[in-house]
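This report walks through a structure by way of its metal site, its strands and one arginine. Keep the sequence and the 3D view side by side while reading.

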Amino acid sequence: MRFFELRTPHYGAPRVWTGAYQAESRWMLPGVECPTCGETWSGIALAYPSVDLSEHPRRPELEEPGPEPFARYARLVEQLGAWLPPGAQVEPGTTFGPLVGTAQGEFGPLVLRDPWKLLVREDALHALRAARIQGLVPIRAELATLNAPVPALYELELAARGRLHPSCLPAGTAPPCVACGRMSGPMPLDIRLEAASLPSEWDLFRLTDAVTLIIVSERFVDVARSLGPMDVLFHELPVSV
Ligand SMILES: [Zn+2]
């Protein structure tokens, strides 16, 4: 099986589609002030739009939260446990619930405004399902339209599964912080995937140690390319044993 990273076109490149959305998730884990690594930080990529926290007892702390001391953050994570999909990876800044906001313009079959967040048009979702693409967890984005109506868009919830191959990490890369999980160091320039870590039964997922990268299978790419032009690039990644 070959694997591909989803990429946005260069910012200066012309786009096929005019669609744009402004939206945020309903709930979010706060950023953290970590006494172990000394960093105050929040991630941007991990999102579980299927998770409904409207009845969660700590809900007010998950609406527009600011950075929290580590102990408070860790307690919140613990109390989220049963509300999350099995095996869900979380970090500071992880979001929950559907996207809520506004949209306008014409959207392509796949929508990748940010490289770490994938939305699909309703007809594209039907095509992916018809092709039995595995790992689809679509949640309809709640987007009010400003002018002409916009077809329904669905955010695809992505589980963190595979890993970078250790050989592509720059020499001296420190392991993640044992307390908050923060990775230090830049993303490798030449990304390789570790073969044994890749889920054979999933056609789309994130990497556990590079959560901003969305990885899709060759099967996914074949279906996506049949859907017509889109402002999404498929960059094949080497896989090493
Ligand atoms: Zn830390």
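Two strands count as paired if DSSP finds at least two bridges between them. The model discussed here is predicted.

**Strand β7 and its partners**

By that rule, β5 (residues 47-48) pairs with β7 in the parallel sense, over two bridges. Within this pairing, Tyr48 has Phe96 of β7 as its bridge partner. Strand β2 (residues 20-28) is joined to β7 by eight bridges, and the two run antiparallel. Here Tyr21 stands opposite Ala103 of β7. Four bridges link β7 to β11 (residues 142-145), in the parallel sense. On that side, Ala103 stands opposite Thr145 in β11. Ala103 thus appears in two pairings: opposite Tyr21, and opposite Thr145.

How many of the 10 residues of β7 are buried? Seven are, so the strand, which spans residues 95-104, is largely enclosed by the rest of the structure. In general, strands of a sheet pair through backbone hydrogen bonds, either parallel or antiparallel.

**A three-stranded sheet**

An open sheet of three strands follows the order β4-β3-β6, with mixed pairing. Its edge strands are β4 (40-41) and β6 (68-69), each of which pairs on one side only. Strand β3 (residues 32-33) runs parallel to β6, and two bridges join them. Glu33 of this sheet faces Pro69, standing opposite that residue in β6.

**The zinc site**

Which residues coordinate the zinc ion? Cys34, Cys37, Cys177 and Cys180 do, each through SG, at 2.3 to 2.4 Å. The donors are spaced C-x2-C-x139-C-x2-C along the chain. Distant parts of the chain are linked here: Cys34 sits in the loop between β3 and β4, and Cys177 in the loop between β13 (160-162) and β14 (193-194), 143 residues apart.

Why is the arrangement called tetrahedral? The four donor atoms subtend angles of 106 to 114° around the zinc ion, which makes it so. The cut-off asks that all angles lie between 85 and 135 degrees. The ideal angle for four tetrahedral donors is 109.5 degrees.

A search of the whole structure finds zero disulfides. A disulfide would be a covalent bond between the sulfur atoms of two cysteines.

Accessibility varies among residues of the site and elsewhere. The table lists three zinc ligands, then a glycine and an arginine.

| Residue | Relative accessible area | Class |
|---|---|---|
| Cys34 | 4% | buried |
| Cys37 | 30% | partly exposed |
| Cys177 | 11% | buried |
| Gly172 | 78% | exposed |
| Arg121 | 13% | buried |

Gly172 is found in the loop between β13 and β14, the loop that also holds Cys177. Gly172 is exposed because its relative accessible area is 78%, and the class begins over 50%. From Gly172 to Gly185 the C-alpha distance is 9.2 Å, with their positions 13 residues apart in sequence.

**Arg121**

Is Arg121 buried or exposed? Arg121 counts as buried because its relative accessibility is 13%, and the limit is under 20%. Arg121 lies in strand β9 (residues 119-121). A polar atom of the Arg121 side chain lies 2.9 Å from the backbone oxygen of Phe107. Beyond four places in sequence, the contacts of Arg121 are Trp17, Phe107, Gly108, Pro109, Pro151, Ala152 and Leu153. Phe107 therefore enters the picture as a contact of the buried Arg121.

Terms used
Residues are numbered from 1 along each chain as its sequence is written. This is a predicted model: local features need pLDDT of at least 70, side-chain atom pairs count only at pLDDT 80 or more; totals for chains, interfaces and linings use all residues. Side-chain values use heavy atoms; hydrogens and water are left out. Buried means under 20% relative accessible area, exposed over 50%, partly exposed in between (1.4 Å probe, protein chains only). A polar contact is a pair of N or O atoms within 3.5 Å; within protein, one must be able to donate a hydrogen and the other to accept it, and residues adjacent in sequence count only if both atoms are side-chain atoms. Contact means heavy atoms within 4.5 Å. A disulfide is a pair of cysteine sulfur atoms within 2.5 Å. Donors are N, O and S atoms within 2.8 Å of the metal (3.2 Å for Na, K and Ca); water is not among the atoms, so sites may look incomplete. Four donors count as tetrahedral if all angles lie between 85 and 135 degrees; four count as square planar and six as octahedral if opposite donors are over 155 degrees apart and all others between 65 and 115; anything else is irregular.
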